Amino acid sequence: MNEHLTLNNGERIPSIGFGVFQSAPEETAVAVETALQAGYRHIDTAAGYGNEREVGEGVRRSGVDPAEVVLETKVWVSDYGFDETLHAFEKSATKLGVEQIDLLILHQPMPQHFERTIQAYRALERLLAEGRVRAIGVSNFMPHHLAALREQTEVVPAVNQVELHPFFPQPAVQRANAGLGILTQAWSPIGGITFYPGWGEDRRSVLEDGTIRRIADAHDRSPAQVMLRWHLQQGRSAIPKSTKAERIAQNIAVFDFHLGPDELAAIDALDRGVRGGPDPDQVDPSTWDLTIPEP
Ligand code: A2P
């Protein structure tokens with residue numbers, strides 16, 4: 001049903017995971033339960049999404065053995081700093097209802113407060129050494145953030161989760177990740193960020209792109225499935241989000257067809273070089289009005 005990717009520390013994760021960004025808490029437990037019953041075994045959430053508790057609830061409700069499920073979550077920037085991040089682990093683990101978190105990553109670099117980013121990562125290293133997490137990583141790190149991190153810390157991140165879809169495939173980030181042995185994990189893998197309301201006007205949904213549509217028609221698949229296949233064949237982890245049962249099932253039914261080299265190249269050529277989400281160097285996330293409540 002799924003394929004697996006091996007992280008740089010030998011741990012394995014399914015190549016297609018399930019995303020819950022912007023899933024309302026009341027929808028999340030049902031969506032996670034539906035996803036696990038459809039065959040997903042990896043859920044990606046974040047302290048900042050405000051739905052970790054419902055992710056844990058969805059796992060318990062599903063009847064799937066929790067030991068089979070990879071849970072990934074992210075430390076929000078208001079919890080950066082060594083002791084703060086150790087405490088952020090406790091908050092997330094309690095909300096998720098687990099003792100050990102499979103994959104714990106930093107949600108954003110804080111270029112304006114990089115020392116706190118480094119201290120937060122050192123806390124992740126400590127949690128890893130103590131066996132409280134199985135793997136650690138980062139999100140939204142650009143190559144120069146990775147280089148600065150590598151200079152000041154020991155453990156190479158297992159993953160770097162970044163915005164990545166056909167309109168913004170970030171080849172330089174992918175190369176930097178690969179050069180360091182970091183798995184590239186795609187957020188908004190089917191380009192949700194290209195049409196989410198409120199993220200900017202004049203956007204064009206990658207789901208409606210003509211090239212993707214043509215390839216989808218040729219394989220009798222949906223545009224979302226074609227994009228997920230593109231990620232898989234290029235060795236990335238992808239975490240598509242949906243709260244609709246039919247799409248949840250569709251997004252994991254991607255292991256029985258193949259895109260040819262010309263099709264992969266045609267998708268690569270859709271790169272517009274324009275990000276949909278915030279620029280990690282421009283935005284100071286510590287100014288956002290978001291703090292992570294105690295459990
Ligand atoms: P919904 O939750 O209503 O299904 P991404 O993970 O790339 O950010 O994309 C998520 C967005 O894409 C959500 O708006 C989701 O809406 C929608 N979506 C998820 N799966 C599909 C699909 N198979 N076809 C069309 N839209 C989808």
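Colleague: How many helices and strands does the secondary structure of the protein come to?

Modeller: The protein has 10 helices and 10 strands. Helices are DSSP runs of H or I with at least four residues, strands are DSSP runs of E with at least two, and both are numbered from the N terminus.

Colleague: What makes the protein as compact as a globular protein of that length?

Modeller: The radius of gyration is 18 Å and the globule rule gives 19 Å for 295 residues; the two are close, so the protein is as compact as a globular protein of that length. The radius is taken over C-alpha atoms, and the rule is 2.2 Å times the number of residues to the power 0.38. Along the principal axes, the C-alpha atoms fill a box of roughly 55 × 45 × 40 Å.

Colleague: What kind of model is this?

Modeller: This is a predicted model, in which local features need pLDDT of at least 70 and side-chain atom pairs count only at pLDDT 80 or more, while totals for chains, interfaces and linings use all residues. Residues are numbered from 1 along each chain as its sequence is written, and side-chain values use heavy atoms, with hydrogens and water left out.

Colleague: Why is Asp220 called exposed?

Modeller: The relative accessible area of Asp220 is 71%. Exposed means over 50%, buried means under 20%, and partly exposed lies in between, with a 1.4 Å probe and protein chains only. The value of 71% therefore makes Asp220 exposed. Asp220 sits in the loop between α7 (210-219) and α8 (223-233). Its phi is positive, about 55°, although Asp220 is not a glycine.

Colleague: Asn140 also has a positive phi. Is Asn140 buried or exposed?

Modeller: Asn140 has a relative accessible area of 9%, so it is buried. The phi of Asn140 is about 65°, and this residue is not a glycine. Asn140 lies in the loop between β7 and α5 (143-152).

Colleague: How much of the protein is buried?

Modeller: Buried residues make up 55% of the 295 residues.

Colleague: What makes the strands β3 to β10 one sheet?

Modeller: Eight strands form an open sheet in the order β3-β4-β5-β6-β7-β8-β9-β10, with parallel pairing. The edge strands are β3 (18-19) and β10 (237-238), as each pairs on one side only. Two strands pair if DSSP finds at least two bridges between them.

Colleague: How do you know that β9 and β10 pair?

Modeller: β9 (residues 183-187) and β10 run parallel and share two bridges. Gln185 stands opposite Ser237 in β10. β7 (residues 133-139) and β8 also pair in the parallel sense, over two bridges. There, Val138 has Asn160 of β8 as its bridge partner.

Colleague: What joins β5 to its neighbours?

Modeller: Three bridges join β4 to the parallel β5, and the partner of Ile43 in β5 is Leu71. Four bridges join β5 to β6, again in parallel, with Glu72 opposite Leu103 in β6.

Colleague: Why is β5 called largely enclosed by the rest of the structure?

Modeller: Six of the six residues of β5 are buried, so the strand is largely enclosed. Val70, Glu72 and Lys74 point one way from β5, Leu71, Thr73 and Val75 point the other way, and all are buried. In a regular strand the side chains alternate between the two faces of the sheet. The case of β6 (residues 101-106) rests on six buried residues of six, so β6 is largely enclosed as well. For β8 (residues 159-163) the count is five of five, so the conclusion is again that the strand is largely enclosed.

Colleague: Which elements do the buried residues of α2 pack against?

Modeller: They pack against α1 (25-38), β4 (42-44), β5 (70-75) and α3 (82-96). A contact means heavy atoms within 4.5 Å. The buried residues of α2 (residues 52-62) are Glu52, Glu54, Val55, Gly56, Gly58, Val59 and Ser62. Gly63 follows α2 and has a positive phi, near 80°.

Colleague: What share of the contacts with a separation of 6 or more comes from residues 24 or more positions apart?

Modeller: Their share is 74%. Glu26 and Asn51 are 25 residues apart in sequence, and their C-alpha atoms are 8.6 Å apart in space. Glu26 belongs to helix α1, and its relative accessible area of 62% makes Glu26 exposed.
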